Amino acid sequence: MTEAWGPDDEGPRPHPGPVRVRVPAKINLHLGVGPLRPDGYHELNTVYHAIGIFDELTARRGDTLTLTMEGVGTGELALDETNLIIRAARALAAHARVPAYARLHLRKSIPLAGGLAGGSADAAAALIACDMLWGLGMSRDQLAEVGAQLGSDVPFLLHGGTALGTGHGEAVSPILARPTAWHWVVAIADGGLSTPAVYRELDTLRDSSWPPPPLEGPDQLMAALRQRDPEVLGAALGNDLQAAALSLRPQLADVLKAGHEAGAIAGLVSGSGPTCVFLAADAGHAQEIAAGLNAAGVCLEAVTARGPQPGARVT
Ligand code: ATP
């Protein structure tokens, strides 16, 4: 248990604020989904990858806990006790036994319910911001323990980079591949998909197959990351949730086709969708693919993004 620091302690001290934290979105380069466990979670074997679409959270001192927001999803996302930012701040305050006082402001760019873990990203940003504002001095691993109770992707978004996720995604180990910049095009959909609904659809699709498909490990993908060749990486990308997302949103097939026709090396649904991501050879190629997707009019907007990116960081 971390204690609040008194005036004579050496070490982190409360910050006068504002504390500004930037946090990336995630995609899954590999998403293997096992059968439904008795605890209601699916066993996952995934390779997370943080990409350059960012939310920014600012924390200021206050005498209560408040949240305001601008950007994507303003008006759609409740800013009350259900918001993952408020839940993260409260969980951290309870853990550290300090009052949950802060004025938090979110500038949101990560689409809502897009399969890019925007909510978990915001929770990770809140943990980093409040830890500094309140002078708690907790390590990323300690914050990840608090964060894992809020969402399976929170521990990864604290660490960032490219990492293996097991359990229900909350057990994260970094992949120490030589740093390579990968170039992505992100096709943002008009409207979101509910993650639980996509998992339910996968279970329904699988009900008719016996024996259940084995949980695929990411060995091919890990080998591809080491080779640093976009063609090799493209051939190794995979997502067990893709069929379920396509079943619920058949128009995603048009997005994948348009990305392919625009010259992408590979394309797949991101996590539970409906965002689709495409791999490009370099930055110029990514611009061309984004232009092709925007011209095809199959998505709300196609943007370029690089990965890997660091996790939630004070700027
Ligand atoms: P997942 O992490 O399950 O893949 P996702 O990327 O598809 O999620 P998110 O944007 O994380 O989707 O949102 C999932 C749900 O979480 C939203 O529909 C919303 O009700 C809830 N939520 C709570 N707080 C937030 C937040 N700060 N930002 C986004 N969603 C939030």
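Into which domains is the protein chain divided? I looked this up first and noted domain 1 (19-175) and domain 2 (182-307), with bounds that come from an automatic or database domain assignment.

A note on my source: this is a predicted model, where local features need pLDDT of at least 70, side-chain atom pairs count only at pLDDT 80 or more, and totals for chains, interfaces and linings use all residues. Residues are numbered from 1 along each chain as its sequence is written, and side-chain values use heavy atoms, with hydrogens and water left out.

Next I checked how the two domains meet. Their centres, taken over C-alpha atoms, are 22 Å apart. Domain 1 gives 30 residues to the contact and domain 2 gives 35; contact here means heavy atoms within 4.5 Å.

Then I turned to buried area, the accessible area (1.4 Å probe) that two parts lose on being put together, summed over both. Between domain 1 and domain 2 I found about 2400 Å², with 66% of it on carbon and sulfur atoms. Leu29, Leu31 and Val33 stand out for me: they supply 23% of the area that domain 1 buries against domain 2, more than any other three residues.

I also looked for salt bridges (a side-chain nitrogen of Lys or Arg within 4 Å of a carboxyl oxygen of Asp or Glu). Across this interface the rule finds zero.

Last, I asked which strand gives the largest share of the side of domain 1 that touches domain 2. My answer is S1, with eleven residues; strands are DSSP runs (E, at least two residues), numbered from the N terminus.

How values were computed:
Helices (H or I, at least four residues) and strands (E, at least two) are DSSP runs, numbered from the N terminus.
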